[in-house]
Amino acid sequence: MENTAAPAAAVLPSRPQPHQPRRSRRPPPWLGLVAIGYAVVQLAVVIPHTGHALGWDESVYVSQVDPRTPSAYFSAPRSRGISLLVAPVVAATDSILVLRVLLMLLSAGALYGAFRVWTRLLPVGQVALGALLFSGLWITQISGPAVMPNLWVAIGAVAAVGWFLRVPGDPRARWWLAAVLAGVTLVRTPDGGWLALPLLIGAIGVRAWRPALPALVGGALLGAAQWIGEAYDRFGGIAERLGVSSDVEGGMGLHFGVGAALRSLNGPQLCRPCEVPLRHPELTVWWLALPVLTLLAVHAALRDRHELRRTRVGLGRPGVRPPAVPLTVLPVVCAAALALPYLLLIDYSAPRFLMPSYALLALPVAGLAPRAVRAARSPRHLAVALAVVVTAHLGSQFVVLGHAAQQSEATTGRYRAAAQGLQRLGLRPPCLVTGDRALPIAYHAGCSSAQTSGNNRSTTLSALLRRAAREPTALLLPRGRARPPSYARTWVAYPLAGTEWNAYRPPDQAREWEDGKPRQEVSGNGGSMGAMTTTYPTTSWAGFQAAEPAFARYAQDRFRRYRHHVLATLRQDGSPRVTPLEVNFLSGELWLGMMPDSRKALDLRRDPRFSVQANPGPGEGLTEGDVRVSGRAVEVTDPEAVARFAAEFRPPEPFHLFRAEVTEVVHIAKEDGEMVLRTWRPGRPVTVVRPGADGGPSADDGPSADGGPSADGGPSADDGPSTDGGPSADGGPSADDGPSADGSPSANGGPSADGGPPRAEG
């Protein structure tokens, strides 16, 4: 019988070969790439603008550990952790560029380490996206190489919350939590307290987190130990230090600061008082969307928790277990706690204050992206759209970063220029700088700084004057905007080139420096009367009175004999304009009052240089001599000063009021039939020129024993030094009697030999 059965091999289908699993590829190191990109942006964009000088707060922190400079005043709200962080670098080198680069590397590494803690809790992609959202912010990028505490609080907060959540399943987590919390509290003690508060509440309320209690308490106390010890040593206790801190912050209390925070989103880096408008609102989409995205993340986590409960009781299809609620809610609660004092307790704002909150919120917000992609009908298209949105966000932050970096460069560049100007004025350590911006400028000049008022008050007026009597001292005031305080009314002002400040020096120090520097020779022909390119020392009329009492009384008497005098100003094209004017003296100052919108007032607003000649009197013999004052006219708009002037002289209102900053006083008269020229300039003795003489100073022309500045404080609304200030220019007036020290009109020469009016050239 024929076997017709087909072979089994032919009938049965071939068995499928066992599937060979693909070798699993290592996922790309997204978090490491984010950290590297963070460092590259700092190196390419931030450091080129900030590598030459330190900012105000930075100079305070660095000066505490810099062995080459005196320590600046350390106010009560500050903590010393950031100073300790940079101490090894500062001890080894004085290069600010090296300091910036090392901080860049350290901040990028710390960013990587802090977010890597979360890779055991959340998907790696979500953690990397959160790190990208935080590190892409302009304030995070510009803070990377800065000697400021807020970025380190933000990075520490991310690590601390991550280690806290890992405590139930990781025995090492408690030790890391204690170390990180101690570091945060050391860097900024109040922020460490606000961060620890919700963690303590969570550890007490949730049994699984209770093992973290010793780490929380021990880490916070360890980090705050230095701050507490300093509180008792300098302020008398913790409560006293907190009280002083409140005063420095402008009075801690209920202040709704959300509006100030919104206005400072795109800069400035410190908004105090915060009266600037919101610039470029189109670049603030991310900031405005952040609260909404945070609420969506919390809502999604709570919904997932509800779905998980339904699955556990069999009311729904089983699915992938969603992230636990604490992974979303705890970072949000800690972010709110860290933001609370800056949004509700102070009345000013700075974008860096909220960096810790931004860092913590970045993680739950980043979780919305994969959730949305999984739920979309077309995941690929939505993923591309989200990538475009994130790229646009990073691009907008990059635009703001470039602008903020340029502003930082301009500000710190002025500090450096001011310090160099002070050094050219002869300030060498040990030296003292006071006034506005004194702290950063003094640091760059190698000097001490001191203030008699304001948030950084560190000395008394009597102590300041004692120091000024024994070491080189400079008072910094904004040029043309602030009147010297009463104690410095007779000091000599030197405009600091490249800045907006004048440096006021005591008269004896100014004279000593003027006598020691090489004299500049100029020709008898006046220079161009166009815009000023060189600046020279100035002083008030009281300063002239203190230096040369007899000369000042004579000049003042000459102006008071007649009502109308001759004022020379500069037109827009640089040519001279000569007009009549009344001159008034009040409270140690020379005042010029003018009708509203008069030509001479507009001239002085555009170019403050002037010369005013006293009325020579009747006749042709010039028997009373000729007196001329040259300098700069500073417009005064303070209501109290204007009202005081109006009450004294009763001019027709409205009027412009200018205060004279004197650069030169000239007197020409006939003595024994010869024309004698006397010239005084700030910081120098009177020079006397007679026919056939060499123009050197006369032996008997020093200041007389009597006379001096007026006793009252003048019409200024306040007598305290301004809170900021600036350096002075180089160079001084020539010793001969060429053009006036500042090149003002009518500065050269005197009247013609026959007693006529002064020549107009120059």
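Reader: At which residues does UniProt place the feature "transmembrane region"?

Author: The model shown here is predicted, whereas the positions of this feature come from an unreviewed UniProt entry. That record places the feature "transmembrane region" at residues 30-51, 97-115, 121-139, 151-169, 175-200, 285-302 and 323-344.

Reader: Over residues 285-302, what percentage of the chain is helix, and how far apart are the end C-alpha atoms?

Author: The UniProt entry lists residues 285-302 under "transmembrane region", and in the predicted model this span has 0% strand. Another span from that record, residues 121-139, is 74% helix and 0% strand, with its end C-alpha atoms 27 Å apart. For residues 285-302 the values are 100% helix and 26 Å.

Reader: Which residues make the nonpolar surface patch of about 410 Å²?

Author: One member of the patch is W30, whose place is in helix α2, residues 30-50. W30 has a relative accessibility of 46% and therefore counts as partly exposed. The patch of about 410 Å² is made by W30, L33, I36 and V40.

Reader: Why is the pair of Y415 and W501 counted as stacked?

Author: The structure holds 18 aromatic pairs, and in the pair of Y415 and W501 the ring centres are 6.3 Å apart. The pair links distant parts of the chain, since Y415 belongs to helix α18 (residues 379-424) and W501 to strand β5 (residues 501-505), 86 residues apart. Both residues, Y415 and W501, are buried. Planes under 30 degrees apart count as stacked, and the pair is stacked because its planes stand at 15 degrees.

Reader: What is the geometry of the pair formed by the rings of Y487 and W491?

Author: Y487 and W491 are both buried, and their ring centres are 5.6 Å apart. Planes over 60 degrees apart count as edge-to-face. The planes of Y487 and W491 are at 80 degrees, so the pair is edge-to-face.

Reader: Over the ring of which residue does the charged end of R78 sit, and at what distance from its centre?

Author: A charge sits over a ring when, among other conditions, it is within 6 Å of the ring centre. R80 lies over the face of F74, at 4.0 Å from the ring centre. For the charged end of R78, the ring is that of Y61, and the distance to its centre is 5.2 Å.

Reader: Which residues are linked with R80 in a network of salt bridges?

Author: Side chains of opposite charge can pair when their charged atoms come close. R234 and E230 meet in a salt bridge with an N to O distance of 3.0 Å, and these residues are separated by about one helical turn because they are four residues apart in helix α11, residues 213-235. R234 is partly exposed at 32% relative accessibility, whereas E230 is buried at 8%. The residues linked with R80 in the network are E230, R234 and R241.

Reader: Is D66, the salt-bridge partner of R68, buried or exposed?

Author: The structure holds 26 salt bridges, and in the one between R68 and D66 the closest N and O atoms are 3.3 Å apart. R68 has 40% relative accessibility and thus counts as partly exposed. Buried means under 20% relative accessible area, and with 8% relative accessibility D66 counts as buried.

Reader: Where is P654, which a cis peptide bond joins to E653?

Author: The peptide bond that joins E653 and P654 is cis, with omega about 0 degrees. A cis bond also runs from P429 to P430, and P430 lies in the loop between α18 and β1 (432-435). The place of P654 is in the loop between α25 (639-649) and β12 (656-671).

Reader: Is R650, which has a positive phi, buried or exposed?

Author: R650 lies in the loop between α25 and β12, and its phi is about 50 degrees although R650 is not a glycine. S587, in the loop between β8 (583-586) and β9 (589-594), likewise has a positive phi, near 55 degrees, and counts as buried at 10% relative accessibility. At 70% relative accessibility, R650 counts as exposed.

How values were computed
Residues numbered from 1 in each chain as written. Heavy atoms only, no water. Phe/Tyr/Trp six-rings, centres within 6.5 Å; stacked < 30°, edge-to-face > 60°. Helix = DSSP H or I, 4+ residues; strand = E, 2+ residues; numbered from the N terminus. Buried < 20%, exposed > 50% of the residue type's maximum accessible area, 1.4 Å probe, protein only. Lys NZ or Arg CZ within 6 Å of the ring centre and 35° of its normal. Patch = residues over 30% accessible without salt bridge, like charges linked within 9 Å, V, L, I, M, F, W, Y side chains within 5 Å. Areas by Shrake-Rupley, 256 points an atom, 1.4 Å probe, with all protein chains shown as cover. Salt bridge = Lys/Arg side-chain N within 4 Å of Asp/Glu carboxyl O. UniProt positions renumbered as here; feature names shortened; annotations may be inferred.
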